[in-house]
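Here is a friendly walk through one protein model, written for someone who likes to know the cut-offs behind each statement. Please keep the structure open while you read.

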Amino acid sequence: MPNHATATDQQVTALVDFGSTFTKVAVVDIETGDLLSSGQSTTTVHTDVLEGLAAAFTSCRPELGAVADLARRCCSSAGGGLRMVVLGLEEDITTQAARQVALNAGGRIAETFSGLLGPDDIDRLAGLEPDLILLSGGTNGGDTACLVGNAKSLAKAGLAAVIVVAGNVEAQAEAGRHLESAGRNWLAAPNVLPEIGVVETEKVQIAIRDVFISHVIGGKNLSASVDFTQMVTLPTPDAVRQGVELLSLGIDADRGFGPLLVVDVGGATTDVYSVVRSTGIGSQRKELVPSATTSRTVEADLGLRWSAEGVVDAAGGLGLLDEDRIARLTDAAAVRVGDPSFLPNAQDEVDDDVQLAQLAAVIAIHRHAGRQRVGIGPDGVSIRLEGRDLREVPLIVATGGVFRSNPDVDFATAFNEAFGAFERNVLGPRDVRIVIDRKYVLAAAGLLSSSHPRAAFRLMSDQLAAPSVEGALT
């Protein structure tokens, strides 16, 4: 990497993530993938997020010249990101398909509903104040009553959310008429489950992304400048997902890292992404809703600030803490919930942050992993694997400020000891290598991946100190 690069020497782009807590900037040569500089500052959601961006640019290396004038690509989860509600016909079929698509599109799912909405459901939904409602229901040629009935209920509800209708295509026009007649903001998308065993992902995710850009970014009043709405092209979790997939699969002659897990611990949530060859379904029958190769889950009760108390509660429930440590971390969590801008100063405060982060990551992975079930049928006892089988995943990439800020902590040992304590039926990791995303390049690479995939892959490969890449997915 050049020692004295200037912003005019290369085709340079600033890749920006407006996070809920910090705004991160990565200045990258988009031809080579070289990371020329990086910086961050607090996300200024209470004034104007562009103020925090300016401070983040200032923290970059001065020899790069006029960094703030660079071309830029941005993603955002500021202001809570994309808050979604998912509606479907049956919990294990269309609702599950819609939920899978929504999560992988970068949404934070506030609630899911199945079947016809009742008055209590409408009251509950209104109280959630979603940005977007994903309305699904019925395979093509199947049930129409649920989609149309729920569209009628949403039409009467007076919600501000944009409604994406992604159910039975034969019922979409009627559903849309009810929504439009009531002045609701809606758009049609392909059916998320056009037939049993087939999930429509890409086109529905594009529709969700369009809503995020056109309605959510501007609607949160995060900046008075139109520049902000024009800069942001992706929800941050969607950018990370694209980076994760590229890291696993590779590009052309650059072989990917293969099966992997990514755990992103934030102030409010902990996200887990996995890319695996198999979902671990042990049955020969056709799956009603096939799992995607890449999966994302979001744990809204696991975070280092707003949700810190949820980490301690969950860890206590899993037996990961003794009574003395529960008492210590309960007090530490209360401080962080009371002041989400809290930054650790003394060593014991740093230690508390590290342990909370480790617990949040391990618990989120425990929930993300599949389970081994024992059943009794006509042929006797059988074992069925349900969900994501992570037992052979060799690599975890940990991302989040607490991991980057503590380079001397042996996260690998702590993680593997915790994984060893998982119940025997949990299909969690067994013996993994931990890599820390110290420059927060996953989101940056995701922003770059559609136009310059080779540079995006090399950015990640260089910065994540690539292990052996044998066993890459093909």
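The report below covers the ground rules, two sheets, a helix pair, the cysteines and one glycine.

## Ground rules

This is a predicted model, in which local features need pLDDT of at least 70 and side-chain atom pairs count only at pLDDT 80 or more, while totals for chains, interfaces and linings use all residues. Residues are numbered from 1 along each chain as its sequence is written, and side-chain values use heavy atoms, with hydrogens and water left out.

Helices (H or I, at least four residues) and strands (E, at least two) are DSSP runs, numbered from the N terminus. Two strands pair if DSSP finds at least two bridges between them. Contact, touching and packing on a sheet rest on heavy atoms within 4.5 Å. Axes are lines fitted to C-alpha atoms, for helices over the stretch in contact, and angles run from 0 to 180 degrees between N-to-C directions.

## The parallel sheet

One open sheet has five strands, ordered β6-β5-β7-β8-β9, with parallel pairing. The edges are taken by β6 (107–114) and β9 (186–188); each has a single partner strand, so one side of each is left without a neighbour in the sheet. On average, neighbouring strands here are turned by 20° against each other, direction ignored.

At one end of that order, β8 (residues 162–165) pairs with β9 in the parallel sense over three bridges, and V165 stands opposite A188 in β9. Helix α2 (residues 94–104) packs on this sheet, where it touches β5 (82–88), β6 and β7 (132–135), and its direction makes about 170° with that of β6. Helix α4 (residues 145–157) lies across β5, β7 and β8, running at about 155° to β7.

## The mixed sheet

Another open sheet, also of five strands, follows the order β3-β2-β1-β4-β10 with mixed pairing. Its edge strands, β3 (35–42) and β10 (232–235), each pair on one side only. The twist from one strand to the next averages 20°.

Strands β1 (residues 12–18) and β2 (residues 22–29) run antiparallel and are joined by seven bridges; V16 stands opposite V25 in β2. Helix α8 packs on this sheet and touches β1, β4 (71–76) and β10, its direction making about 75° with that of β10.

## A helix pair

Helix α8 (residues 236–249) also packs with helix α14 (residues 441–449), at an angle of about 85° and with the axes 7 Å apart. The two are therefore roughly perpendicular (65 to 115 degrees). From α8 the contact uses A239, V240, Q242, G243, L246 and L247, and from α14 it uses L442, A443, G446, L447 and S449.

These contact residues divide into seven nonpolar, four polar and no charged. Here Ala, Val, Leu, Ile, Met, Phe, Trp, Tyr, Cys and Pro count as nonpolar, Asp, Glu, Lys and Arg as charged, and the others, Gly among them, as polar.

## Cysteines

How many disulfides are there? The count is zero, a disulfide being a pair of cysteine sulfur atoms within 2.5 Å. For C74, the closest cysteine sulfur is in C75, 7.6 Å away and too far for a bond. C74 is buried at 0% relative accessibility, and C146 is buried at 3% (buried means under 20% relative accessible area, with a 1.4 Å probe and protein chains only).

## A buried glycine

G303 is found in the loop between β15 (294–299) and α9 (308–317), and its relative accessible area of 0% makes it buried. Leaving out residues up to four places away in sequence, G303 touches G266, G267, A268, T269, T270, A308 and V311. From G303 to G107 there are 196 residues in sequence and 17 Å in space, C-alpha to C-alpha.

How values were computed. Buried means under 20% relative accessible area, exposed over 50%, partly exposed in between (1.4 Å probe, protein chains only). Angles under 35 degrees count as roughly parallel, over 145 as roughly antiparallel, 65 to 115 as roughly perpendicular and the rest as oblique.
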